[in-house]
Amino acid sequence: ALPGHLLRGLLPLLTIFRLERAEGAARRAGLSTQPIWRQLWDDVMKTRPPNSENITCWRKKFLETFFSNVLHGVLDVSSDWRLNDHHFSPLLHSSPHVSQLTLCNMLQGAVELTAEHNHKVLENLAGSLRTLKFQHLLSSDQTIRRSLVLLLHRLIHHGSVSQVSMYSWPVPDTVLLLLILSMSAGFWRSGNALTYQCGLCREEDKAPRQELVQERAERYCDAEREGSDGENQKAFPEAPAEADAHLNSVLSVPRSSPLQNQPCEEASSEGPCDHTSIQGGSSPRCGPGQPSCHPVLRKMRRRLKPPVGRKRRCLRWSRGPYADPEDLYDFVFTVAREGNSGLLEKTRTTEGENAENWTSSSPGSPCTGHAGCKKRGGPAGIFSLKAAHRFRSVSTLELFSIPLTGETCRTLSNLLSSWVSLENLVLSYNGLDANISCILSGLRALSRHPDCRLRVLRVSDVFSHMPCMELVRCVLSAFPQLHTLSVSFDLKNQLEGNRPEGNPGCSEAEIPESCLEQLEIRFPREPLHTTFLLPVLKASKSLQQLSLDSATLPCSQELGLLLEALKECTPHLKKLSFHDVNLAEHQKEVLLLLQDPILQEITFSFCRLFESSTAEFLSEIINTVKRNSTLKSLKLPGNRLGNHRLVALADIFSEDSSSSLCQLDVSSNCIKPDGLLEFTKKLEGHIQQRGGQIQFTYLRLFQNWLDQDAETAQEALRRLKAVCSVVNDSWDSSQAFADYISVM
């Protein structure tokens with residue numbers, strides 16, 4: 001218990017191990033260690049962290065980044081005396097502070113974390129980690145995949161990870177991708193030859209397993225006593241596959257595959273082989289009183305035929321997580337294609353029958369092999385996930401810049417169909433094209449589940465397979481529970497006839513009343529027809545945010561029609577955004593929006609507002625905003641304000657203004673340092689006239705020409721920061737201008 005002044009002088013001299021131990025004492029003495037951790041970041045990391053202004057705890061930020069750098073071998077703890085403490089285990093002592101972790105390349109981090117000497121590190125991560133990211137993955141060997149399986153099982157199924165994100169995988173390894181997706185959805189074949197059953201699984205299943213085996217064994221004992229073998233065949237008239245399911249139900253447990261502990265099928269003429277236990281020791285052969293040796297079950301096993309094309313062999317337990325190096329491949333491709341062994345049950349359509357389109361499929365059905373997601377070879381079919389027991393699954397799945405094949409989309413669709421814990425789904429630049437229909441089939445099936453939690457869906461890609469409004473209507477007609485829907489495409493698909501076969505126009509699909517609160521649409525330079533948007537707005541009475549990006553207005557009256565529709569159908573709309581929509585000839589409609597008594601945030605981003613306007617138009621904007629006491633945020637980036645228009649905007653805060661404007665965004669508006677300084681002086685004058693009573697708190701200045709006179713810019717920023725929060729960047733305007741000229 002050192003005095004505060006001594007502790008203050010001692011803290012900067014401590015290693016991070018000692019500094020961590022002194023946190024409690026510092027807090028009790030009223031001292032903050034944040035400046036020390038911030039200095040540690042500068043000295044050790046030697047980089048400026050992104051969004052540094054938003055970092056609230058430098059201790060957590062440092063230790064989380066420190067953990068990642070040590071794990072991936074990019075930081076040497078001997079490089080700084082504060083890191084080099086013989087009491088300090090870098091991964092162990094920093095792991096409790098890690099809430100986000102990125103694994104990349106060959107997944108070396110997964111191998112290290114699942115090593116025996118890092119057992120306690122993994123246990124810490126299971127409690128602290130919330131977000132797991134994969135970036136720039138490469139193909140990996142079997143050993144690495146084993147480590148990944150164990151890592152995902154501990155962190156997701158028995159841990160706290162709620163978000164899995166994957167980034168930048170131009171040529172994904174199908175086995176690895178489907179493995180991550182399946183385990184994120186809560187699936188793990190913990191009980192057969194693929195993997196050993198972890199200790200946590202055994203503890204949870206011990207009691208249920210004993211009760212289940214005993215109950216079902218007694219049922220078959222009664223059947224044996226009641227009749228002969230022929231009568232038993234009547235009692236069990238199923239086909240071989242169905243009879244196999246009965247046998248598996250006796251020998252399986254809730255969290256185990258149907259193959260768990262299944263006796264060998266005629267593996268040897270000398271009698272059944274011994275199995276190796278999970279711990280590696282030999283388990284005794286079953287005795288006469290054990291269920292797996294009951295005469296009824298022996299007779300059933302004799303009647304059952306082995307699966308076609310599979311070699312009869314004994315499935316042995318191994319000391320490690322896999323008994324056979326082929327098993328992981330079997331598992332993943334079973335999920336993707338075959339759907340046997342109890343994880344995915346294949347449901348075949350009638351021979352010659354065409355699978356229904358997703359818009360007309362039965363409620364709750366996953367992808368049915370329609371155009372865009374047809375199976376290559378064999379009859380059309382779907383996979384059911386009902387047969388598999390599920391572990392804990394994540395609530396957020398994000399896939400960025402990862403091409404998804406038809407096979408992968410079918411698997412993802414089937415996983416989505418029962419992924420009830422999923423709350424946020426982001427599919428960005430996955431090359432879906434026609435396979436978007438397959439994904440929507442899974443979402444349609446998911447929407448029918450009473451426990452479905454999905455509320456946020458974001459889909460973006462280069463090419464659009466169908467018009468944006470058609471896709472929006474398709475999604476909302478299938479999934480009215482969504483709260484946020486974002487649809488974004490860069491370019492229209494120019495191929496003619498590239499629509500799903502047999503798919504009735506989604507523009508005709510009826511939209512039930514939805515829970516939609518936020519709608520974002522980025523049109524690939526498509527015309528915005530209010531008649532197509534109107535049914536969406538009518539069904540979305542709870543809509544609070546609407547963003548329209550890169551749309552063209554087919555006629556001069558279109559924007560007016562949109563405003564009338566918004567006023568009539570969306571009484572709770574608070575935020576409205578236009579980006580890259582030419583509003584140069586729609587000054588009347590712009591002023592009407594600024595007068596709206598309900599809207600709290602309006603964005604006109606790169607809308608060419610002042611391209612052909614007069615000085616009167618700017619004055620009308622200022623006077624309209626001054627009279628609007630509801631508007632809190634006005635964003636005008638990329639509208640060629642220049643110095644003189646920026647200075648004029650300061651009058652919004654004049655003494656006679658009733659404006660409640662708090663935030664102003666004037667990024668990318670050709671503003672120079674002298675114009676910013678003049679704006680600052682005028683703003684200071686209005687504040688003084690109002691006796692310091694002003695609500696303006698936030699100004700964005702990104703990508704303006706403030707580097708042309710650094711001294712003047714610094715003075716303007718210094719004075720502005722005394723009035724409000726200012727966010728800007730060190731932008732090289734000369735280079736940007738050169739880039740602009742080079743592409744003209």
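This is a chat about a predicted model of one protein chain.

Colleague: Let's start broad. How many helices and strands does the chain have?

Modeller: There are 26 helices and 19 strands in the chain.

Colleague: And what share of the residues is buried?

Modeller: Buried residues make up 51% of the 744 in the chain.

Colleague: What about the surface, how much area does the chain expose?

Modeller: About 34900 Å², and carbon and sulfur atoms supply 50% of that.

Colleague: What share of the contacts with a separation of 6 or more comes from residues 24 or more positions apart?

Modeller: That share is 83%.

Colleague: Okay, on to helix 23. Why is helix 23 said to be largely enclosed by the rest of the structure?

Modeller: Helix 23 covers residues 642-649, and 7 of its 8 residues are buried, so the rest of the structure largely encloses it.

Colleague: Which ones are the buried residues?

Modeller: In helix 23 they are Gly642, Asn643, Arg645, Leu646, Val647, Ala648 and Leu649.

Colleague: What covers them?

Modeller: The cover includes helix 22, which is residues 615-627, and helix 24.

Colleague: Helix 24 next, then. Where does Asp674 sit?

Modeller: Asp674 is in helix 24, which runs over residues 673-689.

Colleague: Why does Asp674 count as partly exposed?

Modeller: Because its relative accessible area is 48%, and partly exposed means between 20% and 50%.

Colleague: Which residues form a negative surface patch with Asp674?

Modeller: Its partners in that patch are Glu678, Asp709 and Glu711.

Colleague: And where is Gln689?

Modeller: Gln689 lies in helix 24 too. At 48% relative accessibility, Gln689 counts as partly exposed.

Colleague: What separates the C-alpha atoms of Gln689 and Asp656?

Modeller: A distance of 9.9 Å, with the two residues 33 apart along the chain.

Colleague: Changing topic: which strand holds Ser577?

Modeller: Ser577 is in strand 14, residues 575-579.

Colleague: Is Ser577 buried or exposed?

Modeller: Buried, because Ser577 has a relative accessibility of 18% and the cut-off for buried is under 20%.

Colleague: Which residues does Ser577 touch, leaving out those up to four places away in sequence?

Modeller: Ser577 touches Leu546, Ser547, Leu548 and Thr603.

How values were computed: Residues are numbered from 1 along each chain as its sequence is written. This is a predicted model: local features need pLDDT of at least 70, side-chain atom pairs count only at pLDDT 80 or more; totals for chains, interfaces and linings use all residues. Side-chain values use heavy atoms; hydrogens and water are left out. Patches are made of residues with over 30% relative accessible area and no salt bridge: like charges are joined within 9 Å, nonpolar side chains (Val, Leu, Ile, Met, Phe, Trp, Tyr) within 5 Å. Accessible areas come from the Shrake-Rupley method with a 1.4 Å probe; for residues, only the protein chains shown count as cover. A salt bridge is a side-chain nitrogen of Lys or Arg within 4 Å of a carboxyl oxygen of Asp or Glu. Lys and Arg count as positive and Asp and Glu as negative; His and the chain ends are not counted. The place of a charge is taken as NZ of Lys, CZ of Arg, CG of Asp or CD of Glu. Helices (H or I, at least four residues) and strands (E, at least two) are DSSP runs, numbered from the N terminus. Buried means under 20% relative accessible area, exposed over 50%, partly exposed in between (1.4 Å probe, protein chains only). Contact means heavy atoms within 4.5 Å.
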